[in-house]
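Reader: I would like a close look at how one pair of helices packs in this model. Please give the cut-offs behind each term.

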Amino acid sequence: MDILFDLPLVTARRERAIARAVAGGDFLLDIAANELAERVGVVERHFEEAVELHGGGGNAARAALKTGKIGHLTRIETSAAFAGPGEDISPAALEDMPLADQSVNLVLSPLSLHLTNDTPGMLIRIRRALKPDGLFMAAIPGAGTLVELRDVLLAAEAELFGGASPRVIPFADVRDIGGLMQRAGFALPVIDAETYTVRYDTLFHLMRDLRAMGMSNPLAGRSRTPLTRAFFVRAAEIYAERYADPDGRIRATFTIVYASGWAPHESQQKPLKPGSAKMRLADALRVTDSPE
């Protein structure tokens with residue numbers, strides 16, 4: 001398995017971000033939480049045992065509980081630092097799944113699966129933790145996220161140093177995530193994406209929010225050479241040149257992939273076997289053969 005992320009660093013930065021919470025810095029978590037809760041709310045099911053898996057400040061847990069569709073919800077996080085008033089945390093590392101097989105009905109994963117080295121393994125462990133016909137829902141930052149920042153940092157580094165190192169993590173696209181869900185054994189997977197454009201006064205304001213999310217560069221292969229203020233000043237200039245609106249504010253793109261899938265159960269719909277159709281497609285569509 002390739003080690004893409006420095007997981008101890010990811011953990012430390014997430015915990016530091018929650019300890020130094022910035023007002024409004026969790027806006028992406030709010031977006032994901034509200035969307036996941038809305039999707040839970042339309043499912044004609046009551047989930048006796050639910051889990052929020054590494055959801056940061058618990059935004060998704062609180063939003064999902066308000067739907068009235070959940071009996072009991074457990075939050076799993078790397079430490080008790082993420083607990084709110086009166087909340088209990090079940091501690092586990094980012095790539096751990098401390099649940100017995102077939103023990104829960106619902107798992108929510110808001111904005112954390114993109115930081116795991118063994119994402120296929122995590123999905124398999126989540127599916128095993130679900131009871132038959134249990135539901136998994138995730139919000140995962142996807143391809144297109146921070147595309148402007150990636151471009152600007154590469155351009156600035158190439159201009160100033162004649163080369164570049166990875167500074168923005170890679171994000172999976174809808175097709176990749178759909179393939180991983182199928183590989184993990186989820187039934188009836190549904191994958192879609194929403195793109196959000198956020199505007200900032202400058203690059204420095206964007207980077208402040210990324211730090212507040214614990215999303216500073218966590219790549220294992222990142223350069224260890226500290227960057228100077230001159231580098232970021234030049235990057236800010238390039239950002240303004242390439243991605244500013246007429247009012248001078250810059251744009252930052254965030255794409256969130258929403259994925260859902262069910263633990264297999266005999267009651268679920270099954271695709272027809274190839275060759276089992278009893279009618280031609282042309283007949284079904286009332287299409288007649290053209291005379292020659």
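Author: The helix pair comes first, followed by another helix and two single residues.

This is a predicted model, in which local features need pLDDT of at least 70 and side-chain atom pairs count only at pLDDT 80 or more, while totals for chains, interfaces and linings use all residues. Residues are numbered from 1 along each chain as its sequence is written, and side-chain values use heavy atoms, with hydrogens and water left out.

Two packed helices are described by the angle between their axes and the distance between the axes. Helix α5 spans residues 147–161 and helix α8 residues 229–243; helices are DSSP runs of H or I with at least four residues, strands are runs of E with at least two, and both are numbered from the N terminus. The axes of α5 and α8 come within 9 Å and cross at roughly 125 degrees. Axes here are lines fitted to C-alpha atoms, for helices over the stretch in contact, and angles run from 0 to 180 degrees between N-to-C directions. The two helices are therefore oblique to each other (under 35 degrees counts as roughly parallel, over 145 as roughly antiparallel, 65 to 115 as roughly perpendicular and the rest as oblique). The crossing of α5 and α8 is right-handed, that is, the near helix is turned clockwise from the far one by less than a right angle.

On the α5 side the contact (heavy atoms within 4.5 Å) includes Leu149, Val152, Leu153, Ala156 and Leu160. Among their partners in α8 are Phe231, Ala235, Ile238 and Tyr239. The residues of this contact divide into 13 nonpolar, no polar and 6 charged. Ala, Val, Leu, Ile, Met, Phe, Trp, Tyr, Cys and Pro count as nonpolar, Asp, Glu, Lys and Arg as charged, and the others, Gly among them, as polar.

Helix α6 (residues 174–183) has Ile177, Gly178 and Met181 as its buried residues (buried is under 20% relative accessible area, exposed over 50%, partly exposed in between, with a 1.4 Å probe and protein chains only). They cover an arc of only 100 degrees around the axis, so they lie on the same side of α6; the arc is that of the directions from the helix axis to the C-beta atoms. These buried residues pack against α4, β5, β6 and β7. Arg175, Gln182 and Arg183 are exposed on the other side of α6.

Leu9 is found in helix α1 and is buried, at 17% relative accessible area. Ser112, in the loop between β4 and α4, is buried at 6%.
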